[in-house]
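Work through the exercises below with the model open. Try each task before reading its solution.

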Amino acid sequence: MTPPREEIPMRINRTRLMESMDALGRVGETPRGGLTRLALSDEDRLGRDLLVRWMREAGLTVTIDRMGNMFGVRAGREALPPVMMGSHADSVPTGGRYDGQLGVLCALEAIRSLDDHGIRTRHPVGMIVFTNEEGARFQPAMLGSAVLAGKIPLEDAYNARDKDGLRLGDELERIGYLGPEPCAARPYRAYLELHIEQGPQLEEEGLQVGVVEGIVAIAWSRLTLRGVQDHAGPTPMRIRHDALVAAADVIGGVRALARRIGGDIVTTVGRLDVVPNIPNAIPGAVSLSIDVRDPDDRQIDRALEGIDELVREAARREGVTYDLAHYWRVPRTPFHADVVGAVEDAARSVGCGYRRILSGAGHDAQYMAAVCPTGMVFVPSRAGRSHCEEEFTAPDDIEPGANALFLAALSLAGRAE
Ligand code: GLV
Ligand code: MN
Ligand code: MN
């Protein structure tokens, strides 16, 4: 006998959620079970097509803005600002299938679950799929939410170019997701994002849910070193100006800088482009990226000064010229006490182990915090791994987080009865 509706536990449907993860995870799947679904690629288009279809099937009103951010909204009883949940559906190259798409699909699952339970909410409840969160193809990261929050002009975002020189605005149009809606902040009751932790803390402590209190400060820099391209054989060592030797110095220096500053700071050179990149030529030019993160903005200031100095010294030693641009900075972002509280209450009523946590990765929630009360739910990452094919979160660890997201959204939206 089917129990009366009130007696059905207020939970999401785990089987349906995992089926959706498998189906979307096949779009851009790598042979080793990871994901390559770069922003505005053909795979991104196919993933978006599937998400739009599912949003429409769930009865949501779907709109797309001029940055390609996709919105699906379920009406509430009153014409109030909606509670939005979401994340991104792009990935890094040879990344995993949990970073981003899990948050999008948990948002969809929460909305489908409202239907299962026949719940009407006071506020509308919706979901957002943000464009180019990863910053892997077009820099900087979190571009869709940055433009929405008014932090980066739409034209600047359109003019971002990938490594082959293709323009973001053209690629958005090519895949058919340059929508008609203005990309601008609207009144939202709240924004909630579920994401994998991408670090080891929850797993190490045997907890299922992270109640995210905020995100660390992030700075990205771009360095181009120019030396003299010449033959690797006849050119004596004493007359060389090797851009890659200077770059190697910078890479070592950036690592040493983090050790010197200490505390929680992390520094990474993740990208290196060498010209002409052949065995028998002295590298004439090298471009590289520098990523710096710390919970304290003042430590980032110190690090950027340190980078200015170590680049100057490395270039001087090798006799090369350079351009260094500190082109992207997001301050430490605390989340809203009401939303953090709603997530914590939800985790408690799910009955899982949870703790408060600070995010070391950037998320669209970082920009959304400037738009409306914002918070996040973390679920554990196996061995803390992410941005790799080994990225994994067990269904047993996903379910409590998905339920916490569902219950937090429901409490912020309010039941209509
Ligand atoms: C996004 O993945 C970031 O933290 O760079
Ligand atoms: Mn992500
Ligand atoms: Mn990521």
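The exercises cover the metal sites, the bound ligand, three residues and some backbone geometry of this predicted model.

**Exercise 1. The manganese ion (ligand 2)**

Identify the protein donors of the manganese ion (ligand 2) and place its two histidines in the fold.

Solution.
- Step 1: Look for N, O and S atoms within 2.8 Å of the metal.
- Step 2: His88 (NE2), Asp99 (OD) and His195 (NE2) qualify, at 2.0 to 2.2 Å from the manganese ion (ligand 2).
- Step 3: Along the chain, these donors give the spacing H-x10-D-x95-H.
- Step 4: Histidine 88 sits in strand S3 (residues 83-88) and histidine 195 in strand S5 (residues 190-196), so the pair ties together parts 107 residues apart in sequence.
- Step 5: Histidine 88 and histidine 195 are both buried.

**Exercise 2. The manganese ion (ligand 3)**

Find the protein donors of the manganese ion (ligand 3), then the residue that bridges this ion and the manganese ion (ligand 2).

Solution.
- Step 1: The donors are Asp99 (OD), Glu134 (OE), Glu134 (OE) and His387 (NE2), lying 2.1 to 2.3 Å from the manganese ion (ligand 3). Glu134 appears twice in that list.
- Step 2: The spacing along the chain is D-x34-E-x252-H.
- Step 3: Aspartate 99 is in the loop between S3 and helix H3 (101-116), while glutamate 134 is in the loop between strand S4 (125-130) and helix H4 (143-148). The two are 35 residues apart, and the pair links distant parts of the chain.
- Step 4: Aspartate 99 and glutamate 134 are both buried.
- Step 5: Aspartate 99 coordinates both ions, and the ions are 3.5 Å apart.

**Exercise 3. The surroundings of ligand 1**

List the residues that surround ligand 1 and the atoms that approach its oxygens.

Solution.
- Step 1: The surrounding residues are Glu133, Glu134, Arg293, Ala361, Gly362 and His387.
- Step 2: Sort them by class. One is nonpolar, two are polar and three are charged.
- Step 3: Check the side chains. A polar side-chain atom of arginine 293 is 2.8 Å from an oxygen atom of ligand 1. For glutamate 134, the corresponding distance is 3.0 Å.
- Step 4: Check the backbone. A backbone N or O atom of glycine 362 is 2.7 Å from an oxygen atom of ligand 1.
- Step 5: The protein covers 93% of the 200 Å² of accessible area that ligand 1 has on its own.
- Step 6: Link back to the metals. Glu134 and His387 surround ligand 1 and also donate to the manganese ion (ligand 3).

**Exercise 4. Three residues**

Decide whether arginine 329, glycine 144 and glutamine 101 are buried, partly exposed or exposed, and describe their contacts.

Solution.
- Step 1: Arginine 329 belongs to strand S13 (residues 321-330). Its relative accessible area is 35%, so arginine 329 is partly exposed.
- Step 2: A 3.0 Å polar contact joins the side chains of arginine 329 and aspartate 301. A polar atom of the arginine 329 side chain also lies 3.1 Å from the backbone oxygen of aspartate 297. Other residues it touches include Ile218 and Leu304.
- Step 3: Glycine 144 is in helix H4. Its relative accessible area is 0%, so glycine 144 is buried. Its contacts beyond four places in sequence are Met67, Asn69, Phe130, Thr131 and Cys183.
- Step 4: Glutamine 101 is in helix H3. A relative accessible area of 1% makes glutamine 101 buried.
- Step 5: Polar side-chain atoms of glutamine 101 lie 3.2 Å from the backbone oxygen of methionine 21 and 3.4 Å from that of arginine 97. Among its contacts is the metal donor His88.

**Exercise 5. Backbone geometry**

Locate two cis peptide bonds and two residues other than glycine with positive phi.

Solution.
- Step 1: Recall the background. Most residues other than glycine have a negative phi, and most peptide bonds are trans.
- Step 2: The bond from glutamine 139 to proline 140 is cis, with omega near -5°. Proline 140 is in the loop between S4 and H4.
- Step 3: The bond from valine 275 to proline 276 is cis, with omega near 5°. Proline 276 is in the loop between strand S10 (272-275) and strand S11 (281-282).
- Step 4: Threonine 94 has phi near 40°. It is in the loop between S3 and H3 and is partly exposed at 42% relative accessibility.
- Step 5: Methionine 142 has phi near 55°. It is in the loop between S4 and H4 and is buried, with a relative accessible area of 1%.

Terms used:
Residues are numbered from 1 along each chain as its sequence is written. Chains are lettered from A and ligands numbered from 1 in the order in which they are written. This is a predicted model: local features need pLDDT of at least 70, side-chain atom pairs count only at pLDDT 80 or more; totals for chains, interfaces and linings use all residues. Side-chain values use heavy atoms; hydrogens and water are left out. Donors are N, O and S atoms within 2.8 Å of the metal (3.2 Å for Na, K and Ca); water is not among the atoms, so sites may look incomplete. Helices (H or I, at least four residues) and strands (E, at least two) are DSSP runs, numbered from the N terminus. Buried means under 20% relative accessible area, exposed over 50%, partly exposed in between (1.4 Å probe, protein chains only). A residue is near a molecule or strand if one of its heavy atoms lies within 4 Å of it. A polar contact is a pair of N or O atoms within 3.5 Å; within protein, one must be able to donate a hydrogen and the other to accept it, and residues adjacent in sequence count only if both atoms are side-chain atoms. Accessible areas come from the Shrake-Rupley method with a 1.4 Å probe; for residues, only the protein chains shown count as cover. Ala, Val, Leu, Ile, Met, Phe, Trp, Tyr, Cys and Pro count as nonpolar, Asp, Glu, Lys and Arg as charged, and the others, Gly among them, as polar. Contact means heavy atoms within 4.5 Å.
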